[in-house]
Amino acid sequence: MTTAPRFSHLHRQALPFASSPRSSVGIEWELQLLDRDSLDLRQCAAEILGAVGEDPHIHGEMMLNTVELVSGARQSVAECVEDIAFAYDRLLPVVDPLRVDLVSAGTHPFADPLVQRVTDAERYSRLVDRTRLWGHQMLIFGTHVHVGVEDRDKALPILRALLTRTAHLQCLSASSPFWAGHDTGYADNRAMMFQQLPTAGAPHQLDTWEDLEAYAGDMIHTGVIEEFSEVRWDVRPSPRLGTVEVRACDAATNLTELAGIAALTQCLVESFSRTLDRGEALDAMPDWYVAENKWRSARYGMDAILITGSDGEEELVSDTVSRMLTELMPVAEDLGCARELAGVQATLDAGASYQRQFAAVRAADGANQAAVRLMQAEVKAGRPLHPTEVLSVASTIHPSALPGSHQGRYASV
């Protein structure tokens, strides 16, 4: 009995893989447009982008309550953060007269997803028309990290290896425990929402680049997508840029954690690339382990016990992350991101954002506005706040409690 091939390749779509410097890095950070007085979201992205004009580091997004800051393709995480800091500073004179603050987290703690407006662009209209209620509820904000891969044949093995650690990145970045004002019981509700889209969620673990081209061709042929960029996997190759892109992380609330997630991702990719250079195979987990890890990280965050490899061994996420920081430090030193990688310890010390948000809301007798105040305080501080600082922020939740203007905050970063 013969076995049919997994892919027919009948509709294969060519996906040329661009030349990209090895382990170059780029960061995308989605920001919420926050009304300074109500602490709710404002639908003013079009006005802001119109005032800013063309800027390669400032983009619109699907929702009109969102702007995205995008670094250039850089050799170091520090250079990426500098790009984003300057873009943030450029927005301040535009948003300040509107009484809008730039903050972020995976979700807004109490905004109503069903009243948010979608950017007037054909690709977004098509997505919402197809996905209906779920498409209307994409009130989510993420951090995306691109890492350059110099050889196309490395891209899919590195993608599969990253799936053994993607859930750890998801736990560290988890900042979306609330949805429409309710405690969801999840550390990362954004992950649960985003996977409702038909091409989002955990990626297919394909064996060859030709298989990826067959997948893309079939999706285009059947009308699921019009181009490969509409594949919104948690980890995906980006053929146009010559990178592997990690999209599983919630939006960071501050620059320290943004840089830490980027450095950890960059170091993982470079470490995997070195393993391939030695002629060694990279570990990969079966799809059911990947799916289970994604759910555990979304549900339990830093309390998750995650599957660490194809052997099915399990470990508390914080123990694995601590070991990763030690093992990857030599790689970080080579890449020039040792400081940023060490910054991940700040999350381990202070707790992930969802934990800090919970603490603030509890201290404010259940008022979700305290979580918003915390987001404002952390973007201003540029780092996660420690428990005593979180409680101090939560003690007063009136909109005038903290300085409204962030003018100049990032000028010296």
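Trainee: What volume does the largest pocket have?
Mentor: Keep in mind that this is a predicted model. Rolling a probe the size of a water molecule over the atoms shows where empty space is left. For the largest pocket, the volume comes to about 1,200 Å³.

Trainee: Which element gives the largest share of the lining of the largest pocket?
Mentor: The lining has 45 residues, and Glu-28, His-144, Arg-236, Glu-245 and Arg-247 lie nearest the pocket's centre. Several elements each supply at least two lining residues, among them helix H3 (122–131), strand E5 (142–148) and strand E1 (25–35). The largest share, five residues, is from E1.

Trainee: How many residues of that lining are nonpolar, polar and charged?
Mentor: Let's sort the lining of the largest pocket by residue type. Charged residues number 13 and polar ones 14, while the nonpolar count is 18.

Trainee: How many disulfides does a search of the whole structure find?
Mentor: A disulfide is a covalent bond between the sulfur atoms of two cysteines. Take Cys-337, which is buried at 0% relative accessibility. Its closest cysteine sulfur, in Cys-267, is 3.6 Å away, so the two are too far apart for a bond, given that a disulfide needs sulfur atoms within 2.5 Å. Across the whole structure, the number of disulfides found is zero.

Trainee: Which helix gives the most to the largest nonpolar core?
Mentor: In soluble globular proteins, nonpolar side chains tend to be buried together. Here the largest nonpolar core has 110 residues, and those with the most contacts inside it include Trp-29, Leu-69 and Val-77. With eleven residues, the helix that gives the most to this core is H9.

Methods. Residues are numbered from 1 along each chain as its sequence is written. This is a predicted model: local features need pLDDT of at least 70, side-chain atom pairs count only at pLDDT 80 or more; totals for chains, interfaces and linings use all residues. Side-chain values use heavy atoms; hydrogens and water are left out. On a 1 Å grid over the protein atoms alone, a cavity is a set of points where a 1.4 Å probe fits but cannot get out, and a pocket is an open set with protein on both sides within 12 Å along at least five of seven lines; lining residues have an atom within 4 Å of a point. Grid points are joined across faces, edges and corners, and a volume is the space filled by probe spheres set on the points. Helices (H or I, at least four residues) and strands (E, at least two) are DSSP runs, numbered from the N terminus. Ala, Val, Leu, Ile, Met, Phe, Trp, Tyr, Cys and Pro count as nonpolar, Asp, Glu, Lys and Arg as charged, and the others, Gly among them, as polar. Buried means under 20% relative accessible area, exposed over 50%, partly exposed in between (1.4 Å probe, protein chains only). A nonpolar core is a set of buried Ala, Val, Leu, Ile, Met, Phe, Trp, Tyr and Cys residues joined through side-chain atoms within 4.5 Å.
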